[in-house]
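User: I would like to go through how some of the descriptions of this model are justified. Please start with the term on which the chain-to-chain contact rests.

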Amino acid sequence: MPCVEAKGLRKAYGAAIALDGVDLRVEEGRILGIIGPNGAGKSTALNAMLGLTPYQGELKVLGRDPWTQRDQLMRDVCFIADVAVLPRWMRVSQALDYVAGVHPRFDRAKAEGFLDKTQIKRSSRVRELSKGMVTQLHLALIMAIDARLLVLDEPTLGLDLLYRKAFYDSLLNDYFDHSRTIIVTTHQVEEIQHILTDVMFINRGRIVLNTSMEAFEARYAEVMARPEHVAAARALGPIHERQVFGRSILLFDSVARDHLAPLGEVRTPSIADLFVAVIGAAA
Amino acid sequence: MTPRLLYWSVRRELWENRSVYIAPLAAACVFLFGFVISATRLPDARRALLALDAARQSSGAVMPYHLAAATLLLTGVIVAMFYCLGALHNERRDRSILFWKSLPVSDLTTVLSKAAIPLAIMPAVVFVVVVAMQLVMLILTTVILLANGVSITTPGTQVPLFEMTLTMLYGLVTLTLWYAPVWGWLLLVSGWAKRAPFLWAVLPPLAVCLVEKIAFDSGNFASMLANRLSGGFSEAFSEATPHAHRKGFELQDLDPIKFFSGPGLWVGLALAIAFLATAVWLRRRREPI
């Protein structure tokens with residue numbers, strides 16, 4: 001059973017179309033990054049998967065209909081939708097008590113263990129914590145839940161570099177194993193490229209690119225062309241060209257690396273560069 | 001929905017809304033503060049009372065106890081009103097609804113846990129606080145009178161604490177049931193309004209009254225509203241005691257047959273269920289504001 005399966009997923013807010021017939025299949029054990037410009041439909045897609053918004057089309061998450069079975073689904077699914085959603089009046093100890101009270105798969109000792117590694121006091125209220133600490137608290141709660149799918153919507157928005165790095169490190173080292181699935185959206189693409197197994201570009205409610213990272217590395221290549229080879233490189237049909245320190249960097253789709261090697265230094269492009277090439281060109 | 005989820009959801013409400021028990025306690029403290037000051041005049045007042053006939057004696061002796069109950073009842077109603085208006089509004093405004101919805105608690109459980117505050121928790125808090133207050137008042141009165149050598153055994157000045165407690169329990173239960181559609185309506189508006197839930201709760205019913213008055217020169221809706229807001233006690237009690245001697249409701253005034261057989265209660269309860277069902281429906285659809 002796939003973790004998430006969508007067919008013809010549509011969602012419109014009045015005349016604005018947020019999702020325009022999305023077909024999607026996420027297998028168990030993957031870490032999928034959904035990348036797209038603001039307003040592309042990323043959050044709408046995630047909200048639909050989490051049962052937070054109604055939609056048209058077919059959608060199954062862990063075999064359930066998220067809109068009608070949200071509460072059962074949430075035993076197996078966790079999400080951090082935005083760093084600011086923990087209620088500000090709540091004490092850290094109350095958050096632990098409450099989640100332990102309502103969630104059958106919450107391991108309180110594990111959450112306490114994560115919190116012990118931070119500066120967070122049990123008696124503090126959420127409003128007294130820094131933004132980074134609120135995220136640490138939320139992550140400690142979420143990671144102590146034995147869930148099958150974790151959804152992160154801009155989880156590190158507004159955090160400094162150290163917190164962002166620690167966030168993804170603990171996610172990868174303390175949480176992820178290959179029976180779990182993670183779906184993440186973020187604008188800080190460079191920071192998550194190395195943890196993803198799959199990447200999806202979404203623009204104007206449609207999927208523009210959907211590939212595993214192995215396929216991504218096999219398919220896309222970037223050449224920093226030597227000046228005398230730039231014309232030859234352009235003849236091979238790059239999908240994008242940019243200038244860095246006066247050198248041309250050309251991005252190719254499905255061109256064998258053997259052909260590119262004589263023209264200059266060949267490497268795998270970053271997701272961010274490909275994003276600019278694919279989405280920037282369409283914009 | 002399991003009892004466990006409901007239990008934790010109600011506890012959560014009490015963590016967030018401490019006014020549910022702090023306000024009645026504060027009102028009780030203020031009342032008792034006033035009562036203690038008045039107690040300095042108590043020996044003289046009681047001697048004057050003993051000179052009157054039995055009916056007036058009784059009226060004067062129990063009046064403070066009725067006043068205590070009425071104070072707490074009013075506090076409870078006001079706090080519950082503001083609680084309901086915020087219950088499904090605040091979680092959308094501070095976006096914490098996304099956190100609550102990330103946990104395996106259904107919208108039905110959530111709305112029921114919020115409805116439980118005015119329907120169960122608040123009456124229980126008021127009951128306990130009033131009983132405690134009345135006990136304190138009784139003990140204080142007895143001690144002061146004894147210390148000043150004033151008789152405490154005159155039959156007319158006995159305080160029927162047990163009967164008063166039973167009457168209050170009945171009054172609380174009937175008032176809570178009578179007000180159920182009010183709580184339901186406030187919760188519904190709280191879950192629906194994007195801003196100013198208080199205005200949305202109050203102005204539309206007033207607008208209906210106004211339109212009815214202008215269009216048909218009648219006041220059916222207005223009198224229905226007035227009956228709902230202030231008619232609870234006249235449905236639940238009958239005036240067995242002659243009016244001149246009334247000092248508050250007494251045990252012989254209880255009229256459960258009239259209350260439970262009247263259509264007003266059942267129509268109200270049906271409305272309350274409809275309002276709450278709509279609130280559940282809204283909670284599923286509404287997004288953070």
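Analyst: Two residues are in contact if their C-beta atoms, placed from the backbone, lie within 7 Å. The model is predicted. By that cut-off, the contact takes 24 residues from chain A and 18 residues from chain B.

User: Which element gives the most to the side of chain A that touches chain B?

Analyst: H3(A) does, with five residues. Helix H2 (70-73) and strand S5 (77-80) of chain A also give two or more residues each. By residue type, that side of chain A divides into 15 nonpolar, four polar and five charged residues.

User: What makes S5 and S9 of chain A edge strands?

Analyst: The open sheet has six strands in the order S5-S6-S7-S3-S8-S9 (chain A), with mixed pairing. S5 and S9 (206-212) of chain A each have a single partner strand, so one side of each is left without a neighbour in the sheet.

User: How do you know that S5(A) pairs with S6(A)?

Analyst: Pairing requires at least two bridges. Four bridges join S5(A) to S6(A), residues 149-153, and the two strands run parallel. Within these strands, Val77(A) stands opposite Leu149(A).

User: Why is the largest nonpolar core said to lie between domains 1 and 2 of chain A?

Analyst: Domain 1 (4-204) and domain 2 (216-282) of chain A both give residues to this core, so it is placed between them. The core has 97 residues; Val77(A) and Ala140(A) are among those that touch the most other members. Helix H5 (residues 131-143) of chain A gives the most to the core, with seven residues.

Technical notes. Residues numbered from 1 in each chain as written. Chains lettered and ligands numbered in written order. Predicted model: local features only at pLDDT ≥ 70, side-chain atom pairs only at ≥ 80, totals over all residues. Nonpolar A, V, L, I, M, F, W, Y, C, P; charged D, E, K, R; others polar. Core = buried A, V, L, I, M, F, W, Y, C linked by C-beta atoms within 7 Å. Buried ≥ 20, exposed ≤ 12 C-beta atoms within 10 Å, placed from the backbone. Domains from an automatic or database assignment.
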